[in-house]
Amino acid sequence: MDCLFCKIIAGEIPSNKVYEDDQCFAFRDINPQAPTHILVVPKQHIESVDAIDSTNSAVVGHIFEVIAKIAKEEGLENGYRVVSNIGEQGQQTVPHLHFHIIGGRDMTWPPG
Ligand code: AMP
Ligand code: ZN
């Protein structure tokens with residue numbers, strides 16, 4: 001499948017890996033928006049949050065356990081943000097479900 005994140009998971013494209021298990025893979029964003037910027041993706045190709053249903057939602061709960069673990073390892077005890085962009089208006093650029101962990105600086109709200 002011609003998917004950037006599937007290729008990263010398969011090791012066909014190099015990445016700065018932070019965590020891996022049988023269900024998910026986490027790596028540092030190539031264009032970090034904060035001192036900590038990590039992407040957590042399911043190994044299964046799911047296009048976005050909009051494609052989550054009862055057949056594939058279990059991995060999302062697992063990913064959020066992993067997010068909490070990574071945040072502790074990264075020292076984000078003062079808080080951080082988890083973001084998932086969806087589709088064209090959501091500014092999603094890679095059509096493989098991913099959760100951004102962004103931290104290490106004060107965030108702004110509302111998002112742009
Ligand atoms: P989104 O715009 O929400 O779809 O997020 C895609 C993210 O993937 C962006 O923050 C990019 O900087 C990041 N990205 C694109 N290519 C790579 C890559 N080869 N390795 C790591 N991160 C990447
Ligand atoms: Zn994919």
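K43 is partly exposed, with 27% of its relative area accessible. This residue is a suitable starting point for a report on the charged pairs, the metal site and the cysteines of this predicted model.

## Charged pairs

K43 forms a salt bridge with E20, and the closest N and O atoms of the two residues are 2.8 Å apart. The pair joins distant parts of the chain: E20 belongs to strand β1 (residues 17–20), K43 lies in the loop between β3 and α2, and 23 residues separate them. E20 is partly exposed as well, at 34% relative accessibility. A further residue, K17, is linked with E20 and K43 in a network of salt bridges.

How many salt bridges does the structure hold? The count is four. Side chains of opposite charge can pair when their charged atoms come close.

Another of these bridges connects E74 with R28, again with the closest N and O atoms 2.8 Å apart. Here too the pair links distant parts of the chain, since E74 is placed in the loop between α2 and β4 (80–83) and R28 in strand β2 (residues 24–28), 46 residues apart. E74 has a relative accessible area of 24% and is therefore partly exposed. R28, with a value of 32%, is likewise partly exposed.

D2 and K7 form a salt bridge in which the closest N and O atoms are 2.8 Å apart. Is D2 buried or exposed? D2 counts as exposed because its relative accessibility is 70%, a value above the cut-off of 50%. K7 has a relative accessible area of 25%, so K7 is partly exposed.

The following table lists three of the salt bridges.

| Acidic residue | Basic residue | Closest N and O atoms |
|---|---|---|
| D2 | K7 | 2.8 Å |
| E20 | K43 | 2.8 Å |
| E74 | R28 | 2.8 Å |

## The zinc site

Which protein atoms are the donors of the zinc ion (ligand 2)? They are the SG atoms of C3 and C6 and the ND1 atoms of H45 and H96, at 2.0 to 2.3 Å from the ion. Along the chain, these donors follow the spacing C-x2-C-x38-H-x50-H. Two of them, C6 and H45, link distant parts of the chain: C6 is in helix α1 (residues 4–9), while H45 is in the loop between β3 (36–42) and α2 (58–73), 39 residues away.

The angles among the four donor atoms run from 103 to 116°. The site counts as tetrahedral because all angles must lie between 85 and 135 degrees for that label, and the angles here do so. H45 has a relative accessibility of 27% and so counts as partly exposed.

## Cysteines

The structure contains zero disulfides. C24 is in no disulfide, and the nearest cysteine sulfur, which belongs to C6, is 14 Å away. A disulfide requires two cysteine sulfur atoms within 2.5 Å, so this separation rules out a bond of that kind. C24 has a relative accessible area of 0% and is therefore buried.

## A loop residue

Where is Q33 placed? Q33 lies in the loop between β2 and β3. With a relative accessible area of 44%, Q33 is partly exposed. The side chain of Q33 reaches the backbone oxygen of N31 at 2.9 Å. Q33 and P95 are 62 residues apart in sequence, and their C-alpha atoms are 19 Å apart in space.

Terms used. Residues are numbered from 1 along each chain as its sequence is written. Chains are lettered from A and ligands numbered from 1 in the order in which they are written. This is a predicted model: local features need pLDDT of at least 70, side-chain atom pairs count only at pLDDT 80 or more; totals for chains, interfaces and linings use all residues. Side-chain values use heavy atoms; hydrogens and water are left out. Donors are N, O and S atoms within 2.8 Å of the metal (3.2 Å for Na, K and Ca); water is not among the atoms, so sites may look incomplete. Four donors count as tetrahedral if all angles lie between 85 and 135 degrees; four count as square planar and six as octahedral if opposite donors are over 155 degrees apart and all others between 65 and 115; anything else is irregular. Helices (H or I, at least four residues) and strands (E, at least two) are DSSP runs, numbered from the N terminus. Buried means under 20% relative accessible area, exposed over 50%, partly exposed in between (1.4 Å probe, protein chains only). A salt bridge is a side-chain nitrogen of Lys or Arg within 4 Å of a carboxyl oxygen of Asp or Glu. A polar contact is a pair of N or O atoms within 3.5 Å; within protein, one must be able to donate a hydrogen and the other to accept it, and residues adjacent in sequence count only if both atoms are side-chain atoms.
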